[in-house]
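Let's take a walk through this protein chain, one feature at a time. Keep the structure open as you read and look up each spot as it comes along.

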Amino acid sequence: MGIGRAPADTPAPERGGAAPPRPSWAALGALVSAQLRTAGRLGELGSTAARRNDRTGDADPLAGHERAAGAAELAGRLRAAPAPMARGGVACEVGRMGSVQREEADRVRGCLLGGAVGDALGAPIEFDDLARIQARFGPAGVRDFAEAYGREGAITDDTQMTLFTAEGLLRAVARGAHREPAAPGSAIHHAYLRWYFTQGSRPRAVGTEGPEWPDGWLVREARLSSRRGPGVTCLSALGAATRSFGEPARNDSKGCGTVMRVAPIGLVAASERLAYELGAEASAVTHGHPTGIVAGGAFAMLIAHLQRRLPLAEAIARTRAFIAERPASGETLRALDASVALARGDVAPAPAAVESLGGGWVAEEALAIAVYCALVARSFEHGVLLAVNHSGDSDSTGSMTGQLLGLTLGLAAIPERWLARVELRDVIETLAADLAALRAGAFDASAHRERYPGG
Ligand SMILES: [Mg+2]
């Protein structure tokens, strides 16, 4: 995302149809909170996957009973010794995890760190067209971190907002442990208002007036208080929010500020459908165009399918089939279809192929570019470099591609030279560890009340 992207931040010329129906978010909040804070959550997911695989014949060895058994073992261990996880550390629990659990945690870390790496690779060239990129970096374009915002490896608003999405989910669950559960959509909106605060502005929304606001550990992380090309729509919508959290934005933007921040939802949502609905809700608080909302839901659902070990092509197909039944999904469907057709064709993966899908400034184009780059990637490195070297929104498409590839290929696929230098790695690792614990049913909400206060 970034400032000055007129196509994304001006009213879109075409509406895809009626606004998507809004689910009952109060009920959804109770559902996700209750399910996600139940120890043994991963076991339940494993059982669900096993039932699904029984129907589909999917031979994924980790999607069924084996994973369920491993998760139950992990949940038991963490219930017996919750204190180390309460510190939010990373290495403290890894030593006690079995191989399956470590792999699960590494996939969550891979998703968030892969996204940050892709974001950082694209940051120096976000506003450069291909000719300028090649003039600066040579015919092959960017091959490594380059300076942006005064350092190499700098992340941008895409990673910042993704981290606040994660924090909002964790706070929704933590609050549910000692008060009435927060609707996750409202909690994520509240988190975005804390991100807005880090950008140097005080929100006007009810509930943000008191001296105790903002609270929690993430907003106090000084390194996040930095403007990294924040999206105009995100800033204006959050600044305009004056009523209850979770209210949809009143604009007609479909900028990629929706899709680029919702991946954590897919990592922990109790079902793929819930990932879609919550991804759409989290999108709607800043972007009012139906396509921005549908594409945001679709990316969260895609992540949820991949989290359950579905192959990428199958995950795309199932996401497509789901949104085909939703209203106002035409633009997103056409964008997904274009990326799949391009990947299946004989066009070489190159900037021209990426640019045939658009610039990525709007949500469905960013989704299409990320899906295409992940489909044709020969490696994490190949995929994210393809995703940033084009004339469009390089950091957002790099970030989303990095999330897809980091999740599917795992942390080990990300080159260490990038992991070692990416900005905020420690913050990202902490949130990844907490999301992984949440997914495993091992998130000790009571022990986390100071870090993730209710709201
Ligand atoms: Mg950005």
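Start with H10 and helix H13 (residues 272-284), whose axes come within 9 Å and cross at roughly 40°. This is a predicted model, so keep in mind that everything here is computed rather than seen in an experiment. The crossing of H10 and H13 is right-handed. On the H10 side, Pro184, Gly185 and Ile188 make the contact, and they meet Leu278, Glu281 and Ala282 of H13. Sorted by class, that contact has four nonpolar residues, one polar and one charged.

Now compare a second pair. Helix H15 (residues 312-324) and helix H16 (residues 330-344) have axes that come within 10 Å and cross at roughly 160°. H15 and H16 are therefore roughly antiparallel to each other. The crossing of H15 past H16 is left-handed. Ile316, Arg320, Ile323 and Ala324 do the touching from H15, while Thr332, Leu333, Leu336 and Val340 do it from H16. In this contact of H15 with H16, six residues are nonpolar, one is polar and one is charged.

Here is a handy bit of background for reading such lists: an α-helix has 3.6 residues a turn, so residues three or four places apart point the same way.

Stay with H16 for a moment, because Ala335 sits in this helix and, with 25 C-beta neighbours inside 10 Å, counts as buried. What does Ala335 touch, leaving out residues up to four places away in sequence? The partners are Glu364, Glu365, Leu367 and Ala368. There is also a spacing to look up: the C-alpha atoms of Ala335 and Gly358 are separated by 9.2 Å, and these two are 23 residues apart along the chain.

Gly176 makes a nice second example of a buried residue. Gly176 belongs to helix H9 (residues 157-176), and it is buried, with 22 other C-beta atoms within 10 Å. Along the chain, Gly176 and Gly454 are 278 residues apart, yet their C-alpha atoms are separated by 7.9 Å.

Whole helices can be covered too. How many of the nine residues of helix H19 (residues 380-388) are buried? Seven are, and H19 is mostly covered. The buried ones are Phe380, Gly383, Val384, Leu385, Leu386, Ala387 and Val388. The elements covering these buried residues of H19 include helix H7 (99-122), helix H17 (351-355), helix H18 (363-376) and helix H20 (394-409).

Next, some backbone oddities. Most residues other than glycine have a negative phi, and most peptide bonds are trans. The table lists the exceptions to look at here.

| Residue(s) | Backbone value | Place |
|---|---|---|
| Tyr149 | phi near 55° | loop between strand E1 (147-148) and strand E2 (151-152) |
| Ala328 | phi about 65° | loop between H15 and H16 |
| Trp213 and Pro214 | omega about 5° | Pro214: loop between helix H10 (184-198) and helix H11 (232-240) |

Tyr149 and Ala328 both have a positive phi without being glycine. Are these two buried or partly exposed? Tyr149 counts as partly exposed, with 17 C-beta neighbours inside 10 Å. Ala328 is partly exposed as well, with 18 other C-beta atoms within 10 Å. As for Trp213 and Pro214, a cis peptide bond joins them.

Zoom out to the whole protein chain. It has 22 helices and two strands. Of its 455 residues, 59% are buried. Among contacts in the chain with a separation of 6 or more, 79% come from residues 24 or more positions apart.

Finally, how far can you trust what you see? The protein chain averages a pLDDT of 82, and 78% of the residues score at least 70. Which stretch has a pLDDT that stays under 50? That would be residues 1-95, for which the model has 187 contacts beyond four places in sequence. Where pLDDT is low, the predicted coordinates should not be read in detail.

Note on methods
Residues numbered from 1 in each chain as written. Predicted model: local features only at pLDDT ≥ 70, side-chain atom pairs only at ≥ 80, totals over all residues. Axes fitted to C-alpha atoms, helices over the stretch in contact; angles between N-to-C directions. Helix = DSSP H or I, 4+ residues; strand = E, 2+ residues; numbered from the N terminus. Parallel < 35°, antiparallel > 145°, perpendicular 65-115°, else oblique. Left-handed = near helix turned anticlockwise from the far one by under 90°. Contact = placed C-beta atoms within 7 Å. Nonpolar A, V, L, I, M, F, W, Y, C, P; charged D, E, K, R; others polar. Buried ≥ 20, exposed ≤ 12 C-beta atoms within 10 Å, placed from the backbone. pLDDT = per-residue confidence, 0-100.
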